[in-house]
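Dear colleague,

Please find below the structure that I am handing over to you. My findings follow it.

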Amino acid sequence: MPEKNQSQISLIRKYNNSSEEAFLSFWENMKKNKQCKKQSEGFDYASEYEALQGKELLHLVVNVSEKMKIETMVAGHRYPVLLLSGFGHAAPLWKNQFEQLFDSYQMIHMNPPAIGLSESSKEFTMEEIVDAMVQALDILGVTQPVFILASSWGGTLAQIMAYKYPTKVKALLLADCFYQLKTSVKNPVSLSKQLLNDFQAIGMEEQYQEVDRYEAVNQLKSRSYAKYVLNGFDVKEYTEKISIPALIIHGEKDSIITYESARELYEMIPNAEFATVDGAGHMPNFTHPQEYNVIITHYMAEQLEDELEDDVDETM
């Protein structure tokens, strides 16, 4: 990793695993205005990352530019996987994936601006968020194309990234995602209520309380998102031009993204496959991690196997 990039990475904390209370409570404490100071700026990230053992995680802020910072969580080694949460939710939403996939993949979670410690000193577009995340991957020294595991709204960023940076993305794995936010969804509070109803419908209201704990929106700095909530948005222009492989995952009982909407997204991406998580609602990675992890690990292994076969063919 170039030395100049090291100075762009600040360490917040190192965790033993994704079940550690300090990790799970970080964003909750931040919302309560408890101090969450950086431990070290410009530390030796390359050495710290190489020294990661077992299920340890590094909690970082990547200074992409003077105007934008991206909060990042890194765990594991080997093939890189980028995790993108539904709107406003921090890394613990993926605690079960950190826990179970660390030994085969480099797990990287990023928050967009105004979520957690991610910041922007100016208003921004979704395209600029994607640009910043790609720059953050470069700063972290990630050279291989990444798998993107996305949930809900995070899938729109994934679709933009797949179109704009096809050589940076290995494949998309989109769980209960969409390409269009209809203008009828105008009240952010109603979205929270819909999510609560979704968890109640599958008998997991207690788990919703945990998800709510990981909500990390900075209300004072999230103005750039208002236009998307109030006016709706559509990334179809990117989605229908995606050339890389994709797996569309749908929770069987998702009450927010309908089965028809999920199939529409599947039909729109030329090289896509479809999978259903039985009994799951809108967040199968969180509520049904075992079933979800089986689906994604099988798919990613197939993609990597195809890559190895292609490499063999090229040498013959």
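A contact here means heavy atoms within 4.5 Å. On that basis, of the contacts in the protein between residues at least 6 apart in sequence, 79% join residues at least 24 apart. Please note that this is a predicted model.

Overall composition

The protein has 316 residues, of which 54% count as buried. Its secondary structure amounts to 14 helices and 13 strands. The exposed area is about 14100 Å², and carbon and sulfur atoms supply 47% of it.

Confidence

The mean pLDDT of the protein is 89, with 86% of its residues at 70 or more. Over residues 311-316, the pLDDT is below 50, and in the model this stretch has zero contacts beyond near neighbours in sequence. Residues 183-188 also have pLDDT under 50, but for these residues the model has eight contacts beyond four places in sequence. Where pLDDT is low, the predicted coordinates should not be read in detail.

Strand 6 and its partners

Strand 6, residues 105-110, is mostly covered, with six of its six residues buried. Tyr105, Met107 and His109 point one way from the strand, whereas Gln106, Ile108 and Met110 point the other way. Residues on both of these faces are buried.

Two strands pair with strand 6. Strand 4 (residues 68-75) runs antiparallel to strand 6 and is joined to it by four bridges; in this pairing, threonine 72 stands opposite methionine 110. Strand 5 (residues 79-84) runs parallel to strand 6, with five bridges between them, and tyrosine 79 stands opposite tyrosine 105. Together with helix 5 (residues 95-101), strands 5 and 6 make a right-handed β-α-β unit.

Helix 6

How far apart are the end C-alpha atoms of helix 6? They are 20 Å apart, which agrees with the 20 Å that its 14 residues (126-139) should span at 1.5 Å a residue. Of these 14 residues, 10 are buried, so helix 6 is largely enclosed by the rest of the structure. The buried residues include the hydrophobic-named positions listed here without further comment: Met126, Ile129, Val130, Ala132, Met133, Val134, Ala136, Leu137 and Ile139. Asp131 is also buried. Glycine 141 follows helix 6, and its phi is positive, near 80°.

Yours sincerely

Definitions and conventions: Residues are numbered from 1 along each chain as its sequence is written. This is a predicted model: local features need pLDDT of at least 70, side-chain atom pairs count only at pLDDT 80 or more; totals for chains, interfaces and linings use all residues. Side-chain values use heavy atoms; hydrogens and water are left out. Buried means under 20% relative accessible area, exposed over 50%, partly exposed in between (1.4 Å probe, protein chains only). Accessible areas come from the Shrake-Rupley method with a 1.4 Å probe; for residues, only the protein chains shown count as cover. The expected span of a helix is 1.5 Å times one less than its number of residues. pLDDT is the predictor's confidence in each residue, from 0 to 100. Two strands pair if DSSP finds at least two bridges between them. A crossover is right-handed if, with the strands pointing away from the viewer, the path from the first strand over the helix to the second runs clockwise.
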